[in-house]
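Here are some exercises to work through with the model open beside you. Try each task before you read its solution.

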Amino acid sequence: MPETTAGGGATPHAAPSPLAPAWLTLPADLNALEPKMWAHDAERGPDGQLAVGGLTVAELKARFGTPLFVLSEPDFRARARAFKDAFDSAFADICGGVDVYYAGKSFLCSSVAAWVAQEGLRLDTASGGELAVAAKAGLPGELIGLHGNNKSDSEIARALDMGVGRIIVDSLAELERVARIAADRGTDTPGAGAGGGEAGTEAPRAKVMLRLTPGVHAHTHEFIATAHEDQKFGLSMAPGTASAGFEGEHGGTAASAAEEAVAAAVDHDSIELLGVHCHIGSQIFEPEGFELAAVKLLEFIAQMRSAYGAGLPELDLGGGYGIAYLPGDAPRPPGEIAEALAGVVRATCGRLGIAPPRISIEPGRAIVGSTTFTLYEAGTVKDVVVDLPGGSADSGGAAAETGATAVRRYVSVDGGMSDNARPVLYDADYSVTLAGRASDAPAQLSRVVGKHCESGDIVVRDAYLPDDVGAGDLLAVPGTGAYCWALSSNYNYLARPGVVAVSGGTARWIVRGETEEDLLSRDMGV
Ligand SMILES: *Cc1c(COP(=O)(O)O)cnc(C)c1O
């Protein structure tokens with residue numbers, strides 16, 4: 001665990017800002033690091049500097065520059081193992097363990113793909129590009145899953161060439177395309193049918209999971225259950241969603257698209273139907289949504305086994321496990337979620353009288369999110385006078401002016417929405433700490449903003465920083481491992497930051513930062 005404090009001492013008393021949101025409390029010590037938001041080997045050293053794996057941010061800045069993603073490799077490996085171990089042990093007596101697929105879309109490069117495999121996990125991809133990274137890392141195909149609601153024929157063919165362990169099929173039309181491409185490969189394969197045998201019989205079947213929408217959609221603090229999901233992903237489990245003409249197990253018009261896909265898959269010689277999949281959302285703290293989805297999918301498996309003789313030996317419950325972005329966030333340890341889910345799977349399979357399927361999960365954020373912080377250098381600091389809304393805080397936000405004002409401090413950094421799009425995309429909140437030194441200055445409500453030509457270019461909407469933060473100070477934003485580098489852009493022709501992995505007192509690029517040359521490399525000139 002990181003040191004909670006060193007060097008700085010407690011923050012002098014300062015009044016909370018009237019501009020602060022209700023959830024933001026004035027920290028007792030601005031120099032303290034909240035352990036759950038940081039890599040386990042991040043700490044504030046005796047000199048007051050933030051360090052990770054023994055390397056100070058000043059050293060990292062000197063070697064690699066800013067902005068910079070700083071990832072703790074031992075922390076990544078530990079979180080990956082923690083998921084694998086927790087789920088393996090909770091499900092040991094149910095299905096002999098769990099296959100954990102790291103969701104590559106959260107952050108992927110070949111080093112990360114290799115670590116994932118070394119720690120006993122597998123890899124989820126969702127495009128030809130992500131498959132290319134997996135191939136570059138030398139991952140065996142059987143450890144790879146391919147997702148996507150609009151896979152191209154060439155992505156499907158590439159996945160089959162790589163011998164992927166599973167293609168997670170998203171629609172009936174895609175099922176037919178996978179079946180056709182797999183069958184064609186059989187007849188196209190040189191040597192297939194040689195010696196007078198029938199062409200195509202030697203082609204390996206495409207291993208397929210069906211992505212279902214169970215009508216359970218989880219948000220961070222709640223989940224909603226609906227029959228019909230209004231989203232682009234998956235095959236509906238709701239009655240009446242099958243194609244016209246498909247009658248299903250019970251006849252009539254009550255069949256679901258999910259049932260129709262199972263019936264079609266078992267009919268295809270070129271398809272090996274492994275099971276069903278669901279993914280109910282992201283940044284979820286409580287297990288209830290996963291439990292509800294598991295029950296619905298197990299009931300479906302039981303029905304399909306008896307109606308179609310489909311084996312459906314596997315059930316994938318997706319990802320979405322939440323992390324702490326703010327001190328008040330309280331994600332559950334993987335072991336707690338694993339135990340809760342195992343209890344539900346055990347009980348439901350018992351009630352239905354079915355053999356439990358092999359379970360898999362797909363965590364992304366919960367493995368990589370807290371391993372990484374973004375290191376920025378502060379530049380312009382601007383105090384802006386803001387009118388305070390009139391009335392009490394609970395008067396519905398009526399903006400009648402009282403004449404009262406408050407100061408909001410804008411601290412600009414050398415990156416922004418190009419390296420962290422989540423505040424703009426999702427209104428995501430982050431925290432920030434002064435990283436290059438400790439400070440005894442009083443707290444000042446601050447907004448950390450980027451350098452882009454966009455007033456919404458906010459990195460940290462509300463945080464208390466020491467009052468003496470100024471140009472040249474290093475700031476660190478924790479929890480940026482997932483969906484930050486992955487969503488980065490070149491807006492305003494900023495070079496995308498690289499990612500440095502720190503391990504055992506050494507640091508190395510795992511993805512180097514872009515240069516101006518990179519930025520101009522695709523410009524075809526005048
Ligand atoms: C995004 C995604 C995940 C990973 O989600 P996290 O919130 O990062 O755990 C897993 N499975 C599927 C199908 C996804 O789309």
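Below come five tasks, each followed by a worked solution.

Before you start, note that this is a predicted model, where local features need pLDDT of at least 70, side-chain atom pairs count only at pLDDT 80 or more, and totals for chains, interfaces and linings use all residues. Residues are numbered from 1 along each chain as its sequence is written, and side-chain values use heavy atoms, with hydrogens and water left out.

**Exercise 1. Salt bridges across the chain**

Find which parts of the chain are linked by the salt bridges of arginine 122 with aspartate 99, arginine 185 with aspartate 161, and arginine 166 with aspartate 316.

Solution.

Step 1: Recall the background. Side chains of opposite charge can pair when their charged atoms come close. The cut-off used here is a side-chain nitrogen of Lys or Arg within 4 Å of a carboxyl oxygen of Asp or Glu. By that rule the structure holds 29 salt bridges.

Step 2: Take arginine 122 and aspartate 99, whose side chains meet with N to O at 3.5 Å. Arginine 122 sits in strand 6 (residues 122-125) and aspartate 99 in strand 5 (residues 98-103), so this pair ties together parts 23 residues apart in sequence. Helices (H or I, at least four residues) and strands (E, at least two) are DSSP runs, numbered from the N terminus.

Step 3: Move on to arginine 185 and aspartate 161, with their closest N and O atoms 2.4 Å apart. Here helix 6 (residues 172-188) supplies the arginine and helix 5 (residues 153-162) the aspartate, 24 residues apart.

Step 4: Finish with arginine 166 and aspartate 316, where the closest N and O atoms are 2.8 Å apart. Strand 8 (residues 166-169) holds arginine 166 and strand 14 (residues 314-316) holds aspartate 316; the two residues are 150 apart in the chain.

Step 5: If you'd like a network too, look at Glu73, Arg77, Arg81, Glu119 and Arg508, which are linked by salt bridges.

**Exercise 2. Buried or exposed?**

Sort the six residues of those three pairs by relative accessible area, with buried under 20%, exposed over 50% and partly exposed in between (1.4 Å probe, protein chains only).

Solution.

Step 1: Arginine 122 is partly exposed at 24%, while its partner aspartate 99 is buried at 9%.

Step 2: Arginine 185 comes out partly exposed at 21%, and aspartate 161 is exposed at 59%.

Step 3: Arginine 166 is buried at 1%, and aspartate 316 is buried too, at 0%.

**Exercise 3. The annotated binding site**

Which residues carry the UniProt feature "binding site", and what surrounds glutamate 362 and tyrosine 483?

Solution.

Step 1: Start with the record. The unreviewed UniProt entry places the feature at Gly320, Glu362, Pro363, Gly364, Arg365 and Tyr483. Positions are given in the numbering used here, feature names are shortened, and annotations may be inferred rather than shown by experiment.

Step 2: Look at glutamate 362, which is in the loop between strand 15 (358-361) and helix 10 (365-368). Glutamate 362 is buried, at 6% relative accessibility.

Step 3: List its contacts (heavy atoms within 4.5 Å). Leaving aside neighbours within four places in sequence, glutamate 362 is in contact with residues including Tyr101, Asp124, His147, His277 and Asp316.

Step 4: Turn to tyrosine 483, found in the loop between strand 21 (474-478) and strand 22 (499-503). Tyrosine 483 is buried at 13%. Not counting residues up to four places away in sequence, tyrosine 483 touches Lys105, Ser106, Arg365 and Arg422.

**Exercise 4. Cysteines**

How many disulfides does the structure hold?

Solution.

Step 1: Apply the cut-off, a pair of cysteine sulfur atoms within 2.5 Å. The count is zero.

Step 2: Check cysteine 349. Its sulfur is 8.6 Å from the closest cysteine sulfur, that of cysteine 95, which is too far for a bond. Cysteine 349 is buried at 4%, whereas cysteine 453 is exposed at 60%.

**Exercise 5. Around phenylalanine 300**

Find what phenylalanine 300 touches, leaving aside its neighbours within four places in sequence.

Solution.

Step 1: Locate phenylalanine 300 in helix 8 (residues 288-308). Phenylalanine 300 is buried, at 5% relative accessibility.

Step 2: Read off its contacts: Leu212, Met237, Ser256, Ala258, Glu259, Val262 and Val276.

Step 3: Now look at helix 7 (residues 257-267), where nine of eleven residues are buried. Among them are Ala258, Glu259 and Val262.
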